[in-house]
Amino acid sequence: MTEETSRTWFVTGASSGIGLAVARAAAGRGDNVAALARTTAALDPLVERHGSRVLGQVADVRRPADVEDAVARTLDAFGRIDVVVNNAGYGLFGAVEESTDTQARATFETNVFGVLHVLRATLPVLRAQRSGHVLQGSSYYGRIAEPGVGLLSATKYAVEGLTDALVPELEPLGIKVTLVEPGPTATAFLSNLAVADSIADYDQTVREVQKAIGELPPETFNAPDRVAAAMLSVVDAERPPRRLVTGNFAVKVIREALESQLAELEAWKTTALAVDDVLVAS
Ligand SMILES: NC(=O)c1ccc[n+]([C@@H]2O[C@H](COP(=O)([O-])OP(=O)(O)OC[C@H]3O[C@@H](n4cnc5c(N)ncnc54)[C@H](OP(=O)(O)O)[C@@H]3O)[C@@H](O)[C@H]2O)c1
């Protein structure tokens, strides 16, 4: 990238995993990166390596003021924001009934309201520029759910829903939006997972899924650097997709879910359309 074509990235959750990999890849090719984390210690190696191209900032996405301050400092340093990576998030594992209200609300605070805080703070900048690209941190659990991931999936489905509205809202303003739906990725995500207290009645469902996830072969987990490379290629694309799915596992389970939804829509078509008949008759 030349000076003229280099971009400025605004990356949340840049302390580890996918966020760190994106920040590293973008800075590595000569772009500017505002890297947000809850502590700057994790960002020190990145800043040391890339100097003034990386602006490490402390921000908790649950706090709108933190995010707004980070946007102001990014504009002071780099003058613009081209790519927003709304990546910070964590998981909650447990049956829907097992998850406490506090746990459920806490997950929404980060995974949904954190995303909203970042959008509200950055979109005025992108709208003023009439350009930019927002990468929304979703998951294959934003397209499917299974026992134990109900609340995590609820947060990611929420991000998917608001993003499907965001795309046509921002398209006329010159802003692109892509949902990033990684499959299992080798990050600290599983070790950072909040886990609900168990109820024995869910041993055959939730605990079995938990066991199955624990037994996934290591090769199921994609390298975060590869996921980051896919995200960079989407940002570089002339016509980026609305959804970027990464990894064979995610492609397979999402395809199966879509096929099963289509088959059910077809199987229940007569009942579905009978509602129209009643309307016409009345
Ligand atoms: N790994 C997977 O298998 C997988 C699959 C699909 C989707 N994803 C999604 O990918 C995203 C990144 O996760 P990851 O896999 O890279 O896991 P990770 O290594 O645990 O990274 C999560 C990042 O989010 C940050 N974060 C969490 N809560 C935050 C808050 N309130 N404010 C600011 N930052 C916060 C963490 O910061 P701290 O270091 O301060 O905690 C960390 O930087 C998440 O949205 C996750 O749902 C991951």
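Where is Ser153 found? In this predicted model, Ser153 sits in helix H5, so that helix is a handy place to start our walk. Is Ser153 buried or exposed? Its relative accessibility is 3%, and because buried means under 20%, Ser153 counts as buried. Setting aside residues up to four places away in sequence, Ser153 touches Tyr141, Ile144 and Ala145.

Stay with H5 a little longer, as the helix covers residues 150–170 and also holds Pro168. Here the relative accessibility is 47%, so Pro168 counts as partly exposed, whereas Ser153 in that helix is buried. If you would like a long ruler to lay across the model, try Pro168 and Thr40: their C-alpha atoms are 36 Å apart in space, and the two residues are 128 apart in sequence.

Now let us turn to the strands, beginning with S1, which spans residues 8–11. Which way do the residues of S1 point? Thr8 and Phe10 point one way, Trp9 and Val11 point the other way, and all of them are buried. S1 has pairing partners to explore. With S2 it runs parallel, joined by four bridges, and Trp9 has Val33 as its bridge partner in S2. With strand S4 (residues 83–86), S1 also pairs in the parallel sense, this time over three bridges. Trp9 appears here too, standing opposite Val83 in S4.

How does the chain get from S1 to S2? Helix H1, residues 17–28, belongs with these two strands in a β-α-β unit, and that unit is right-handed. S2 itself takes in residues 32–37 and is joined by five bridges to strand S3, residues 54–58, with the two strands running parallel. The chain passes from S2 through helix H2 (residues 44–50) to S3, in a β-α-β crossover that is right-handed. One pair to look for between these strands is Ala37 with Val58, which stands opposite in S3.

Next comes helix H4, made of residues 101–129, where you will find His117. The relative accessibility of His117 is 11%, so this residue counts as buried. What is His117 in contact with, leaving aside its neighbours within four places in sequence? The list is Val61, Arg62, Arg63, Pro64 and Val67.

Just along the chain, the loop between H4 and strand S6 (132–137) contains Arg130. Its phi is near 55°, a positive value in a residue other than glycine. That is worth a glance because most residues other than glycine have a negative phi. Arg130 has a relative accessible area of 49%, so Arg130 is partly exposed.

Our last stop is the second largest pocket, with a volume of about 180 Å³. Which residues line the second largest pocket? They are His133, Val167, Glu171, Gly174, Ile175, Lys176, Val177, Thr178, Pro240, Pro241 and Arg242. Strand S7, residues 175–182, gives the most to this lining, with four residues. Sorted by class, the lining has five nonpolar, three polar and three charged residues.

Key:
Residues are numbered from 1 along each chain as its sequence is written. This is a predicted model: local features need pLDDT of at least 70, side-chain atom pairs count only at pLDDT 80 or more; totals for chains, interfaces and linings use all residues. Side-chain values use heavy atoms; hydrogens and water are left out. On a 1 Å grid over the protein atoms alone, a cavity is a set of points where a 1.4 Å probe fits but cannot get out, and a pocket is an open set with protein on both sides within 12 Å along at least five of seven lines; lining residues have an atom within 4 Å of a point. Grid points are joined across faces, edges and corners, and a volume is the space filled by probe spheres set on the points. Ala, Val, Leu, Ile, Met, Phe, Trp, Tyr, Cys and Pro count as nonpolar, Asp, Glu, Lys and Arg as charged, and the others, Gly among them, as polar. Two strands pair if DSSP finds at least two bridges between them. A crossover is right-handed if, with the strands pointing away from the viewer, the path from the first strand over the helix to the second runs clockwise. Buried means under 20% relative accessible area, exposed over 50%, partly exposed in between (1.4 Å probe, protein chains only). Contact means heavy atoms within 4.5 Å.
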